[in-house]
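Work through these exercises with the structure open. Each task is followed by a worked solution.

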Amino acid sequence: MRIKLTSIMVDDQDKALKIYTEVFGFVKKHEIPVGQYRWLTVVSPDGPGDVELSLEPNANPAGRAFQEAMFKQGIPIAAFEVDDIDTEWTRLKGHGVVFVQDPARMGPVSIAVCSDTCGNLVQIYQPAAARSA
Amino acid sequence: MFTSGAFERLCRARDLLRELPDEPLSIRAVAKEVGMSPFHFIRRFQALFGETPHQARIQSRLDRAKQLLALSDRSVTDVCLDVGFTSLGSFSDLFARRVGSCPSAYRRHVRSLMPASGVLPEALTPGCLTLMGAAFATFEKPRDAASSDAGTQEDA
């Protein structure tokens with residue numbers, strides 16, 4: 001049994017694809033039309049065989065209620081690992097990404113939290129091993 | 001960085017934009033309500049939510065209209081007024097441009113897909129895994145057809 005797929009709800013799949021590829025820097029893996037939506041996934045260019053992230057429409061009112069409640073509470077709904085958090089933070093800010101938490105040490109990891117502009121807060125984190133490396 | 005105060009105020013602004021009082025607040029009034037200048041309010045709202053306050057308000061009204069058309073028996077005119085539009089013509093035009101069909105055609109289409117009265121059809125509330133299943137089913141069709149042909153031959 002392997003973990004190869006996870007998903008994040010987005011308010012607009014076109015907007016999400018643009019941000020997750022052009023801003024976050026992932027690459028599109030699948031884009032298959034299904035009715036008015038798409039089976040749409042991205043992967044990391046650093047790990048194309050890693051977990052696929054599905055950009056899932058938040059059309060289900062129950063899902064959207066959950067997404068909005070988490071957002072309001074300031075809780076990130078996904079976390080992406082980076083090698084150098086300060087470099088990523090600077091790069092993302094250059095793309096206009098807004099942070100609700102700037103990079104900060106949390107025990108062994110450094111984390112920052114930003115809006116993906118698709119209805120979610122996402123966390124980027126630099127693990128301790130990367131920091132000492 | 002957004003302070004937690006600014007973040008909370010922008011979340012509150014989004015709620016205000018979605019409310020449907022008899023006299024909806026102007027964007028300028030919403031900005032004032034959350035203590036920001038209109039210019040900063042619009043800029044920061046868009047940076048956080050990926051849409052302008054006006055776009056957020058319109059989208060919220062259209063989403064609510066879709067729900068009412070699918071799940072209630074309100075007339076199209078009533079739905080138009082219920083969600084905060086004042087002109088049926090501009091509501092229908094906007095709805096058709098964004099959704100792809102006019103409100104009454106949308107209602108007929110959704111009702112035809114509904115598994116039971118009052119239950120949203122899966123096609124309108126897709127989950128990650130139902131989309132994946134449907135997407136890969138499009139690739140599987142030729143093989144399924146071939147294997148069922150083979151099965152038929154074996155049976156014969």
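**Exercise 1.** In this predicted model, find the handedness of the crossing of helix 1 of chain B with helix 4 of chain B. Then classify their packing angle.

Solution.
- Step 1. Helix 1 of chain B passes helix 4 of chain B in a right-handed crossing.
- Step 2. Take the angle and the distance. The two helices pack at about 50°, and their axes are 9 Å apart.
- Step 3. Apply the cut-offs. Angles under 35 degrees count as roughly parallel, and 65 to 115 as roughly perpendicular. Helix 1 of chain B is therefore oblique to helix 4 of chain B.
- Step 4. List the residues. Helix 1 of chain B contributes B:Ala13, B:Arg14, B:Leu17 and B:Arg18. Helix 4 of chain B contributes B:Pro53, B:Ala56, B:Arg57 and B:Ser60.
- Step 5. Sort them. This contact has 4 nonpolar residues, 1 polar and 3 charged.

**Exercise 2.** Describe the side of chain B that touches chain A. Which helix gives the largest share?

Solution.
- Step 1. Count both sides. Chain A puts 23 residues into the contact and chain B puts in 19.
- Step 2. Find the elements in chain B. Helix 1 (4-18), helix 3 (38-49) and helix 8 (128-155) of chain B each supply at least two residues.
- Step 3. Pick the main contributor. Helix 8 of chain B gives the largest share, 6 residues.
- Step 4. Sort by character. The side of chain B that touches chain A has 15 nonpolar residues, 4 polar and no charged.

**Exercise 3.** Lay out the sheet of 4 strands in chain A. Which strands stand at its edges?

Solution.
- Step 1. Write the order. It is 5-8-7-6, in an open sheet with mixed pairing.
- Step 2. Read off the edges. Strand 5 (78-81) and strand 6 (99-106) of chain A each have a single partner strand, so one side of each lacks a neighbour in the sheet.
- Step 3. Add the twist. Neighbouring strands are turned by 20° against each other on average, direction ignored.
- Step 4. Check one pair. Strand 6 and strand 7 (109-115) of chain A are antiparallel over 5 bridges. A:Phe99 has A:Cys114 in strand 7 of chain A as its bridge partner.
- Step 5. Place the helix. Helix 3 (85-94) of chain A packs on the sheet and touches strand 6, strand 7 and strand 8 (121-126) of chain A. Its direction makes about 175° with that of strand 6 of chain A.

**Exercise 4.** Which residue takes a positive phi in the hairpin of strand 2 and strand 3 of chain A?

Solution.
- Step 1. Strand 2 (27-34) and strand 3 (37-43) of chain A pair in the antiparallel sense over 7 bridges.
- Step 2. A:Glu31 is bridged to A:Leu40 in strand 3 of chain A.
- Step 3. The hairpin has 2 residues between the strands. A:Gly35 takes the positive phi, near 60°.

Technical notes: Residues numbered from 1 in each chain as written. Chains lettered and ligands numbered in written order. Predicted model: local features only at pLDDT ≥ 70, side-chain atom pairs only at ≥ 80, totals over all residues. Contact = placed C-beta atoms within 7 Å. Nonpolar A, V, L, I, M, F, W, Y, C, P; charged D, E, K, R; others polar. Pairing = 2+ DSSP bridges. Axes fitted to C-alpha atoms, helices over the stretch in contact; angles between N-to-C directions. Parallel < 35°, antiparallel > 145°, perpendicular 65-115°, else oblique. Left-handed = near helix turned anticlockwise from the far one by under 90°.
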